[in-house]
Amino acid sequence: MRVRLKIWRQKSPNTRGQFVSYPVDNVNPDMSMLECLDVLNEQLTENGEEPVAFEHDCREGICGSCGFMINGIAHGPLPATTVCQLTMRHFKDGEELLLEPWRARAFPLIKDLIVDRRAFDRIIASGGYISVSTGSAPDGNTLPVPKEAADRAMDAAACIGCGACVAACPNASSSLFTGAKIAHLGTLPQGKPEKDRRAIRMVTQMNLEGFGGCTNIGECTGVCPKEIPLEVIAAMNRDYLRGNWHARDNVVTTIRPFTEWSYGSKLQIDEQSQS
Ligand code: SF4
Ligand code: FES
């Protein structure tokens, strides 16, 4: 089959970008979208032109590296599928496909189809971990986790951090990503001691990164390759509110040494996230 790829080309963050159209012949319908780009890049390299820059790693739909818009849809038209798993047979012979990077203020463009998603890393670094001692593997097995909680945590843990939710959201909100990370850790008994602090810190960091707010449009979950449900956003808002309420109680009603209550104090957490 043949396709025409109309791709956003931009050399660097500070140069102007534009769409450039390339015909690609001899496309095997079983190729993935990324393999089709590989074919194009071989053509470009042979002609002495700059290959198209795009991100990839596992090419198995599990690492979250790949991702761009295809005809205006994050990861393309096939539900629950990353671009590395999207095969060309889902497009028509002779079809023109518009490929462009994620567009979001918090994801500045690096080159062509690659954007800087380190804002996600900073959200994780702000609280997306468990720092209480959970012992070794055998200790883990002795801690009973209710089946329902294990399932909920596992579903949320499926998030691969690709950023499609941000790209699809009209507000460029990262609430689905952040909610998934908070739900994954906060649902498990090991994650409960830090639940309040985690939610406050991660939501605060998300806002500092310049992502927009969630207005319940739901585009995020529609394009999510791991089908993370909207419920994680509701749970995140609940955890954030409850965390702030507990922190407020600590500040107002207790007279304890600073080191004890500052752990859950919103004021202290805000200052830390901003430093
Ligand atoms: S929630 Fe879904 S779309 Fe968003 S980063 Fe995670 S896997 Fe990607
Ligand atoms: S390259 Fe790893 S998810 Fe696509």
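The following exchange walks through a predicted model of one chain with a ligand.

Colleague: How many helices and strands does the chain have?

Modeller: Before the elements are counted, it helps to know that the C-alpha trace of the chain spans about 70 × 40 × 35 Å along its principal axes, and that buried residues make up 39% of the 275 residues. As for secondary structure, the chain has 11 helices and 7 strands.

Colleague: Which residue in β5 is the bridge partner of Leu5?

Modeller: Strand β1, residues 3–9, runs parallel to strand β5, residues 96–100, and 4 bridges join the two. Strand β5 also pairs with β3, residues 69–70, in the antiparallel sense over 2 bridges, and there the partner of Met69 is Glu100. For Leu5, the bridge partner in β5 is Leu97.

Colleague: How far apart do the C-alpha centres of domain 1 and domain 2 lie?

Modeller: The domain assignment divides the chain into domain 1, covering 3–111, and domain 2, covering 117–274. These domains touch, with 18 residues of domain 1 in contact with 17 residues of domain 2, and the side of domain 1 that touches domain 2 has 10 nonpolar, 6 polar and 2 charged residues. The distance between the C-alpha centres of domain 1 and domain 2 is 32 Å.

Colleague: Where does the largest nonpolar core lie with respect to domain 1 and domain 2?

Modeller: The largest nonpolar core has 64 residues, and those with the most contacts inside it are Cys165, Val166, Leu176 and Val232. Because domain 1 (3–111) and domain 2 (117–274) both give residues to this core, it lies between them.

Colleague: Which residues does Val166 touch, not counting residues up to four places away in sequence?

Modeller: Val166 is one of the residues with the most contacts inside the largest nonpolar core. Leaving aside residues up to four places away in sequence, Val166 touches Trp102, Ala104, Phe107, Ala172, Ser173, Ser174 and Phe211.

Colleague: Which element gives the largest share of the shell around ligand 1?

Modeller: There are 14 residues around ligand 1, of which Cys159, Cys162, Ala164, Cys165 and Cys224 come nearest. The elements that give two or more residues to this shell are α5 (164–168) and α6 (175–186). By class, the residues of the shell divide into 11 nonpolar, 2 polar and 1 charged. The largest share of the shell, 3 residues, comes from α6.

Terms used. Residues numbered from 1 in each chain as written. Chains lettered and ligands numbered in written order. Predicted model: local features only at pLDDT ≥ 70, side-chain atom pairs only at ≥ 80, totals over all residues. Pairing = 2+ DSSP bridges. Helix = DSSP H or I, 4+ residues; strand = E, 2+ residues; numbered from the N terminus. Domains from an automatic or database assignment. Contact = placed C-beta atoms within 7 Å. Nonpolar A, V, L, I, M, F, W, Y, C, P; charged D, E, K, R; others polar. Core = buried A, V, L, I, M, F, W, Y, C linked by C-beta atoms within 7 Å. Buried ≥ 20, exposed ≤ 12 C-beta atoms within 10 Å, placed from the backbone. Near = placed C-beta within 6 Å.
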